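Here are some notes to help you find your way around this one. Have a look at the picture, then walk through the points in order.

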Amino acid sequence: TQTNAFSTTRLQQLEGLQSAMDALTNALYRKEPIRDSSTLDDAVRHAIRVARELAQERSSLRLRWAKR
């Protein structure tokens, strides 16, 4: 069996980010775009939240590493 390199929370974040990117891509590039403002707002909010969480984790790791 293969073990996952990511936690369940991280996998959920990544799956949500994938869905958000799909929604934004469909709004821009589909032959007949689907532009539901509520869905697009949610997609952008999710992408921003995940990006902030990742940046915060990186910053925290960098601080810990510097203290070694």
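Which residues of H2 are buried? Hold that thought while we set the scene; point 3 comes back to it.

1. **What you're looking at.** First off, this is a predicted model. The secondary structure is quickly told: two helices and zero strands. Helix H1 covers residues 8-29, and helix H2 covers residues 37-66. Pro-33 sits in the loop between H1 and H2.

2. **Overall shape.** Don't expect a ball here. The radius of gyration is 16 Å, whereas a compact globule of 68 residues would come out near 11 Å. Along its principal axes, the C-alpha trace spans about 55 × 35 × 15 Å. Buried residues account for 15% of the 68 in the chain. As for the surface, the chain exposes about 6100 Å², and carbon and sulfur atoms supply 53% of that. On the charge side, there are 12 positive and 8 negative charges, and their mean positions lie 12 Å apart.

3. **Helix H2 and its buried residues.** Back to the opening question: the buried residues of H2 are Leu-40, Ala-43, His-46, Ala-47 and Val-50. H1 is part of what covers them. H2 itself has 30 residues and runs 43 Å from its first C-alpha to its last. At 1.5 Å a residue you'd expect 44 Å, so the helix comes close to the expected span.

4. **His-46, seen from H2.** His-46 belongs to helix H2. Is this histidine buried or exposed? His-46 has a relative accessible area of 16%, so it counts as buried. Setting aside residues up to four places away in sequence, His-46 touches Gln-13, Gly-16 and Leu-17. Take Gly-16 as an example: 30 residues separate it from His-46 along the chain, yet their C-alpha atoms are 7.2 Å apart.

5. **Gln-13, seen from H1.** Now flip to the other helix, because Gln-13, in H1, has a relative accessible area of 9% and is buried. Which residues does Gln-13 contact, leaving aside its neighbours within four places in sequence? They are His-46, Val-50 and Glu-53. Two of these names should ring a bell: His-46 and Val-50 are both among the buried residues of H2.

6. **Arg-10, a charged residue that is buried.** Arg-10 is also in helix H1. With a relative accessible area of 16%, Arg-10 falls under the 20% cut-off, so it is buried. Beyond its neighbours within four places in sequence, Arg-10 is in contact with Leu-54 and Glu-57. Arg-10 and Leu-54 are 44 residues apart along the chain, while their C-alpha atoms are separated by 9.7 Å.

7. **Leu-40, from the buried list.** Leu-40 is in helix H2 and is one of its buried residues. What does Leu-40 contact once its neighbours within four places in sequence are left out? The answer is Ala-23, Leu-24, Ala-27 and Arg-35. For Ala-27, the C-alpha to C-alpha separation from Leu-40 is 8.0 Å, with the two positions 13 residues apart in chain numbering.

8. **The loop at Pro-33.** Last stop is the loop between H1 and H2, where Pro-33 lies. Pro-33 is partly exposed, because its relative accessible area of 35% falls between the 20% and 50% cut-offs. Leaving out neighbours within four places in sequence, Pro-33 is in contact with Asn-26 and Ala-27. Ala-27 is thus shared, as it also appears among the contacts of Leu-40. Pro-33 and Ala-51, on the other hand, are 18 residues apart along the chain, and their C-alpha atoms are 26 Å from each other.

Definitions and conventions: Residues are numbered from 1 along each chain as its sequence is written. This is a predicted model: local features need pLDDT of at least 70, side-chain atom pairs count only at pLDDT 80 or more; totals for chains, interfaces and linings use all residues. Side-chain values use heavy atoms; hydrogens and water are left out. Helices (H or I, at least four residues) and strands (E, at least two) are DSSP runs, numbered from the N terminus. The radius of gyration is taken over C-alpha atoms; the globule rule is 2.2 Å times the number of residues to the power 0.38. Buried means under 20% relative accessible area, exposed over 50%, partly exposed in between (1.4 Å probe, protein chains only). Accessible areas come from the Shrake-Rupley method with a 1.4 Å probe; for residues, only the protein chains shown count as cover. Lys and Arg count as positive and Asp and Glu as negative; His and the chain ends are not counted. The place of a charge is taken as NZ of Lys, CZ of Arg, CG of Asp or CD of Glu. Contact means heavy atoms within 4.5 Å.
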